[in-house]
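Student: Could you take a close look at a single part of this protein for me, and then put it in the setting of the whole chain?

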Amino acid sequence: MSQELLNELISKSEKLNIEEKLQLMRYLSNNLQINDNSTPKPRRKWREIQGKATYPLVGEDAQEWVSRTRQ
């Protein structure tokens, strides 16, 4: 949505009475909930990133890191 359209809607909404503003808010709230639930984000699988990081990741061997952090 363009900023111009949003500004126009805000400007026009200021001319509404309280009951009309509440009706508009209910409509927008219901519409937002419907749109939010209709597009769930797909879950990623760990296998998709398997092997993406180089070894060793931060320049330290994993076993050395475990031993160092246990001390």
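Tutor: Sure. One bit of vocabulary to start: a helix here is a DSSP run of H or I that covers at least four residues, and helices get their numbers from the N terminus. With that in hand, let's go to Thr-69, which sits in helix 3, residues 62-70. Keep in mind that this is a predicted model.

How far is the side chain of Thr-69 from the backbone oxygen of Val-66? A polar atom of that Thr-69 side chain lies 3.1 Å from the Val-66 oxygen. As for exposure, Thr-69 has a relative accessible area of 40%, so it counts as partly exposed, because that label covers values between the 20% and 50% cut-offs.

Now zoom out. The protein has three helices and zero strands, and reading from the N terminus on you get α-α-α. Buried residues make up just 1% of the 71 residues. The accessible surface adds up to about 7,500 Å², with 55% of that belonging to carbon and sulfur atoms.

Some of the nonpolar surface is gathered into a patch: Ile-18, Leu-22 and Met-25 make one of about 320 Å². Take Leu-22 from that trio. Leu-22 has its place in helix 2, residues 18-38. With a relative accessible area of 35%, Leu-22 is partly exposed, and so is Thr-69 over in helix 3. Patch members need over 30% relative accessible area, so Leu-22 at 35% clears that bar.

Conventions:
Residues numbered from 1 in each chain as written. Predicted model: local features only at pLDDT ≥ 70, side-chain atom pairs only at ≥ 80, totals over all residues. Heavy atoms only, no water. Helix = DSSP H or I, 4+ residues; strand = E, 2+ residues; numbered from the N terminus. Buried < 20%, exposed > 50% of the residue type's maximum accessible area, 1.4 Å probe, protein only. Polar contact = N/O pair within 3.5 Å; in protein donor to acceptor, adjacent residues only side chain to side chain. Areas by Shrake-Rupley, 256 points an atom, 1.4 Å probe, with all protein chains shown as cover. Patch = residues over 30% accessible without salt bridge, like charges linked within 9 Å, V, L, I, M, F, W, Y side chains within 5 Å. Salt bridge = Lys/Arg side-chain N within 4 Å of Asp/Glu carboxyl O.
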